[in-house]
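Here's a quick tour of the model below, starting with charges and overall build and ending with a few backbone oddities. Have the viewer open as you read.

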Amino acid sequence: MSDQIKYVLDEENIPKSWYNLNADFPTPMPPVLHPGTHQPVGPSDLEPLFPMELILQEVATERYIEIPEPVRDVFRMWRPAPLIRARRLEQALGTPAKIYFKYEGVSPAGSHKPNTAVPQAWYNKQAGIKKLSTETGAGQWGSSLAFAGSLFGLDVLVFQVRVSYDQKPYRRALMETYGARCIASPSNETDSGRAILEKNPNSPGSLGIAISEAVEVAAKNPDIKYALGSVLNHVMLHQTIIGEEAIKQFELAGDDPDVVIGCAGGGSNFAGLAFPFLGLQLRGGRKRRIIAVEPAACPTLTRGTYAYDFGDTAHLTPLVKMHTLGSTFMPPGFHAGGLRYHGMSGMVSHAYELGLIEARAYKQVGCFEAGVQFARTEGIVPAPESTHAVRCAIDEALRCKEEGKSETILFNLSGHGHFDMQAYINYFEGKLVDQDYDEADLATALAGLPAVAA
């Protein structure tokens, strides 16, 4: 048997189309609703925030959507990303399982996020937009949009969740290096930010609050559009380049995954890897176990309610039916900032409701333990978010060891942790603790879900 480690495609094999799971769902997704009328939104409702091409992708039902050539040209800077066999980790675990990971940390920004930042920036540029506003948690999305903005001459304004703004100064420096302006959220620059600070001057912030600020800026300024790094259908679409590449790479490896794993906050890197494999299954291919892994301190799929909810705290966004902890839910300030979002992508939520995927929640200390083991065997320090996928992959490999099964496990290593080393310092110093959400706060947030007729 070959002892090959890396499976690398040539640039000419960068996928030419994105895959749209909406074409293969056995039942259609519930519509997105207008927050005022509770009627399905139309393109005109979304025009203040997004260029028309992205709006059309948001509601698209065709199976494949062509990737514009200028976008594919930028992708050549780092794509196709490698598929890597984690042979040293397998040996350390003594497992008969084969472990592969798709490594998205090779992008200039160090994560999977440029896969959607680049096309979003390009479509806005084509529409004549000159400035974008957005939010970011850990900073991976903010730095990716800043990178994309620098390529296409767009100004980028980033509202970064306050706790991550303070924890990750180097992410902020990266955004500024690419030319973006980064503001701690909640801020005094928006009505929604000022309202939060009036109630709690020391608010640690949340992605829901940061989204409110970014959406408000775009809605009030016709020359500014909003860009979102996860959750929405067009973001899931753009990320499927990950899984489309992985399918080709497994053909090179002469293998095929039995278990597909991704960490999940808003759902984009999980969907990017999993949806193309799920599409194969829905079109008559073999069944696999597909696992979304989330933090126990913000357990959207495993603890949330499937209901219509706002995507932001100030209730400026349309209503999406999703697994949610409530738009006012404030997760504790754990280090996987990119997973601290109250809701899950509508597409991922729909797949979960249909029983097509599994969900699992992990506490952060066990995840960092897995991240350190991975670094010491495979040499890559995972982002705190990605350690959740590593933890699950290790647990699945150990299950195979107990059962004597040689299954093939694939996970998405969605980014490196080079800008997150303070979290690892805290782990080694014993300062990293497993934090639980407040049950009373969760109950209050869920009680405030909007009343939408079934």
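## Charges, build and backbone

The chain carries 41 positive and 51 negative side chains, and the centres of the two sets sit 3 Å apart. Keep in mind that this is a predicted model.

On to the overall build. The chain holds 19 helices and 15 strands. Its radius of gyration is 20 Å, close to the 22 Å that the globule rule gives for 454 residues, so the chain is as compact as a globular protein of that length. Along the principal axes, the C-alpha trace spans about 60 × 50 × 45 Å.

Of the 454 residues, 62% count as buried. The accessible surface is about 16500 Å², and carbon and sulfur atoms make up 51% of that. If you take contacts between residues at least 6 apart in sequence, 77% of them join residues at least 24 apart.

Now for the backbone. Two cis peptide bonds are worth a look:

| Peptide bond | Omega | Place of the proline |
|---|---|---|
| Arg79 to Pro80 | near -5° | Pro80: loop between helix H3 (69–75) and strand E4 (83–85) |
| Ser185 to Pro186 | near 10° | Pro186: loop between strand E8 (181–185) and helix H9 (191–199) |

Then there are positive phi values outside glycine. His38 has a phi of about 60° and lies in the loop between strand E2 (17–19) and helix H1 (43–46). His38 is partly exposed, at 28% relative accessible area. Val231 has a phi near 70° and belongs to the loop between strand E9 (224–226) and helix H11 (233–239). With a relative accessible area of 11%, Val231 is buried.

Note on methods: Residues are numbered from 1 along each chain as its sequence is written. This is a predicted model: local features need pLDDT of at least 70, side-chain atom pairs count only at pLDDT 80 or more; totals for chains, interfaces and linings use all residues. Side-chain values use heavy atoms; hydrogens and water are left out. Helices (H or I, at least four residues) and strands (E, at least two) are DSSP runs, numbered from the N terminus. The radius of gyration is taken over C-alpha atoms; the globule rule is 2.2 Å times the number of residues to the power 0.38. Buried means under 20% relative accessible area, exposed over 50%, partly exposed in between (1.4 Å probe, protein chains only). Contact means heavy atoms within 4.5 Å. Accessible areas come from the Shrake-Rupley method with a 1.4 Å probe; for residues, only the protein chains shown count as cover. Lys and Arg count as positive and Asp and Glu as negative; His and the chain ends are not counted. The place of a charge is taken as NZ of Lys, CZ of Arg, CG of Asp or CD of Glu.
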